[in-house]
Amino acid sequence: MTRFLFCKEGTAVWISHLDLQRMFQRAFNRAKIQIAVTNGFNPHAYVAMALPLSVGMESQCEILDCRLADESISPEEAAERLNRAGFPEGITILKGYSSDRKLREIGSLCARLMMEYDNGVPEGAEERIRELFLREEITASKHSKKKGQIEINIRPMILDVQVAQKNTCQIEMTATVQAGEPSLNPELLVQAVTRYLPEDRPDAVKIRRLEVFDQEGNAFR
Amino acid sequence: MNREMERILPQVQKPARYVGGEYRQIVKNKNEVDVRVAFCFPDTYEIGMSNIGMRILYGVMNNMDGVWCERAFAPWGDMEEQMRSHNIPLWALESQDPVKDFDMIAFSVGYEMSYTNILNMLNLSGIPLHASEREGLHNIVFAGGTCMYNPEPLAPFLDFCSLGEGEDLTIEIVELYRRAKLEQWDKPRFLREVAKLPGVYVPSLYEHRYAEDGTLSEIVPLDGAPKTVTKRIVQNLDAAYYPTKAIVPSTEIVHDRINLELFRGCIRGCRFCQAGYCYRPVRAKTPETLIRQAKELVEDSGMTEITLSSLSTSDYKRLPELADGLLDYCMPRNINLSLPSLRADNFSDELMQKVQKVRKSGLTFAPEAGTQRLRDAINKNVTEEEVLRSCATAFAGGWSSVKLYFMLGLPTETDEDVLAIADLVEKVWLCWRENTTNRARGVRIHVSTAFFVPKPFTPFQWEAQLPPEEYQRRVQMLRDAFRRNRSVDYDYHAPDLSRLEAVLARGDRRIAPVLERAVELGVKLDGWDEYFDYKKWLQAFADCGVDLDFYATRERPCEEVLPWDSISVGVRKEYLASERKQAYASRITPDCRTKCTGCGANLLYTEGNCDD
């Protein structure tokens, strides 16, 4: 399997997952790299992306797997050709390599959440937020396909949270959360802050996915 | 991207359409360019990015040194709300700079119902609506596109109009502006000079005078402006710029495929069709050019579907040769080729099989009218026999669905003509029964009727539109006739939108205050069912004391001065009048390929012969 590590930032963060898939198909065509297709009655391309990223989030660790029709093209060459053929602004392949590890081995991911306070960080917010995530139970509401809006305890899915005030207007949270089945959207951490600490609610948040890990906590490649 | 923008984007649907950054967008250093043009499309990104004209002119302007052309589109309602509540003015996608910072603001106007979007976009940009309120050379607002053959409803808002095909004229305009800016001309001087470019119409240089009965009595050119402005055409399409390295949107648009323009103009002369007269003379690209452009487009974009687009694609003289060449390239690469707007009269078995080799697409016919008499009157030279023969071929070839398009309210239409639509559809159904390879599968016959809108520069430009009540009576009659057949889906529209189209298409300057009032009342995105609000429109007309019937249902006497009389598309007015007489006599006019009937458009084509 050929694996590509790519980043999605700048204006590209607004490209939806579905549009991103189509964008990659066209990028492969431009680079004249054919993806192998399944042999079934309805052939589809051997291509998969790990952990769909929410619209608006940046990432430096997105993973796309595919099987190339022409196996003589090395992953490195494919990556180089794709970058040369061109992407929308903000998408770049960082690395192309072969891997046999399954995407389902991904167990967690680390994201940076930059919380912005237009009128300055409230006094003591940093400490209160840090304490919030020490609680045994933190409930958040989440949209479920089957049941609609549901309440869940997100605490067991939060593996680690570092909270640091960067300057008078920003608090940075670096969170490692469960990924894969099921995943925790880091956005829910901000929702928790808003719900439990209404006075520490940020005016805006920027989220960037920094790294994905396997079950053992090593970077997944 | 500024912080405010970043914060509103998560709140809106499909944010990708507001940020630019697509593959092949053009970014220049704004400090190193002399002229910045904001190319505004008065509809959403998905519509605007599907427009070939916009893509061509974007490339043409950006190919000029020292000129940077960027794009702006009408925001969807949710975005507009966010922009207004956060005081964010409309921005251009490439630099994300406000549109009001641009030297020139160009609109491409192809549909009357986008007029309100033009005003709304200017308003969202914080640019004064009236040309007279914009002083100096900053924010020169101009427009092109088919609607500009009668720009009068927009006259007070536009500094000037660019008529016809813009490949050459746009360059001349921008060059003149560059010089004006460098030499610090005042605006009146620039307008006087730009009016000297063939194809430029400056509304403020024409005074419209009205008679007591409310009709236009005289159009007086001022300050040496020409009496008539004639549209421009491209002489050699093979040599003309065509965008083969073009933007690939990162999000889905309406026509999300490669558009290959085969030719301009149409040989047919359907008497209701504005495009048929306005795009004359017929000029085609060679198959060699087209195949080369198709390859470049496929390779550069990575897209896998090509549409051959022209007014009547199957009239392309060298279609078999082109189809073979394209199929040779497309088939091994799994690229879909689709041929829209096929005519029933020349839809051959062979051609269908070729198209089918790659992909079986929909089957659509537009007989437009139910009886041969009325089809002759509108010069839609399709016979029932041809429609049925094409359908028989298609049904025998495995097709099990067909779309049939008609118009209601055509001049000279009677109840007999209306009911004949149902008869024709019935015959199509019987044809399916006789020819289908699989009767158990059934057939879907989609019938759609549009409400006829008389347009400028057609033989029907003097005609009255039906009163809406009468149109509805005819729709009802047809609905009743279709009840018998369950294989038929009948789709018809309320008359409201077409009635407004009729008013705007043939409107004069007195419509301008209505547009302004409508926008004040919140009218926008009229082309979208979600937003179209006829009540608000009616209120705007009432508030301004303007009578819709004066424009929609009134037949103009031949001698009446028409608002678009200072504009020429090349086709002589006398020719249109004689075609109208032919219509009343139900006499057809041969197509341009069979015989030249002397419309006058050939005189524009100094470097070639029509339809060569």
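## Chain A: two domains

Chain A splits into domain 1, covering 2–100, and domain 2, covering 106–214. This is a predicted model, so read everything here as computed from it. Taken over C-alpha atoms, the centres of domain 1 of chain A and domain 2 of chain A sit 29 Å apart. The two do touch: 13 residues of domain 1 of chain A are in contact with 14 residues of domain 2 of chain A.

As for secondary structure, chain A carries four helices and ten strands. Walk along the sequence and you get β-α-β-β-α-β-β-α-β-β-β-β-α-β for chain A.

## Chain A: packing, surface and charge

If you need box dimensions, the C-alpha atoms of chain A fill roughly 60 × 35 × 30 Å along the principal axes. Buried residues are 48% of the 221 residues of chain A. Look at contacts in chain A between residues at least 6 apart in sequence, and 73% of them join residues at least 24 apart.

On the outside, chain A exposes about 11,200 Å², with 48% of that supplied by carbon and sulfur atoms. The charge tally for chain A is 29 positive and 32 negative side chains, and the centres of those two sets lie 6 Å apart.

## A glycine in a chain A loop

A:Gly124 sits in the loop between β5 (106–116) and α3 (125–132) of chain A. Is A:Gly124 buried or partly exposed? With a relative accessible area of 34%, A:Gly124 is partly exposed, because the buried class needs a value under 20% and the exposed class one over 50%. For a distance to check in your viewer, try A:Gly124 and A:Gln162: they are 38 residues apart in sequence and 15 Å apart in space, C-alpha to C-alpha.

## Chain B: overall build

Now for chain B, which has 20 helices and 19 strands. Its radius of gyration is 24 Å, close to the 25 Å that the globule rule gives for 612 residues, so chain B is as compact as a globular protein of that length. Along the principal axes, the C-alpha atoms of chain B fill a box of roughly 75 × 65 × 50 Å.

Of the 612 residues in chain B, 62% are buried. Contacts in chain B with a separation of 6 or more come 77% from residues 24 or more positions apart. The accessible surface of chain B is about 23,800 Å², and 48% of it belongs to carbon and sulfur atoms. Counting charges, chain B has 76 positive and 90 negative side chains, with the centres of the two sets 3 Å apart.

## Chain B: two domains

The domain split in chain B gives domain 1 (3–223) and domain 2 (258–493 + 570–602). How many residues does each domain bring to the contact? Eleven residues come from domain 1 of chain B and twelve residues from domain 2 of chain B. Between the C-alpha centres of domain 1 of chain B and domain 2 of chain B there are 33 Å.

## Helix α4 of chain B and the loop after it

In α4(B), the buried residues are B:Gly77, B:Asp78, B:Met79, B:Glu80, B:Gln82 and B:Met83. What do the buried residues of α4(B) pack against? Their partners are α1 (3–8) and α5 (115–125) of chain B. After α4(B) comes B:Asn87, which has a positive phi, near 55°.

Further on, B:Asp97 lies in the loop between α4 (77–85) and β3 (104–108) of chain B. B:Asp97 has a relative accessible area of 12%, which means it is buried. Leaving aside neighbours within four places in sequence, B:Asp97 is in contact with B:Lys30, B:Arg36, B:Trp91, B:Ala92 and B:Phe102.

## A buried threonine in chain B

B:Thr215 belongs to the loop between β7 (206–210) and β8 (216–221) of chain B. Why is B:Thr215 called buried? Its relative accessible area is 12%, so B:Thr215 falls under the 20% limit for buried residues.

Not counting residues up to four places away in sequence, B:Thr215 touches B:Arg209, B:Tyr210, B:Phe550, B:Arg554 and B:Glu560. As for B:Ala38, 177 residues away along the chain, its C-alpha atom is separated from that of B:Thr215 by 37 Å.

Conventions: Residues are numbered from 1 along each chain as its sequence is written. Chains are lettered from A and ligands numbered from 1 in the order in which they are written. This is a predicted model: local features need pLDDT of at least 70, side-chain atom pairs count only at pLDDT 80 or more; totals for chains, interfaces and linings use all residues. Side-chain values use heavy atoms; hydrogens and water are left out. Helices (H or I, at least four residues) and strands (E, at least two) are DSSP runs, numbered from the N terminus. The radius of gyration is taken over C-alpha atoms; the globule rule is 2.2 Å times the number of residues to the power 0.38. Buried means under 20% relative accessible area, exposed over 50%, partly exposed in between (1.4 Å probe, protein chains only). Contact means heavy atoms within 4.5 Å. Accessible areas come from the Shrake-Rupley method with a 1.4 Å probe; for residues, only the protein chains shown count as cover. Lys and Arg count as positive and Asp and Glu as negative; His and the chain ends are not counted. The place of a charge is taken as NZ of Lys, CZ of Arg, CG of Asp or CD of Glu. Domain bounds come from an automatic or database domain assignment.
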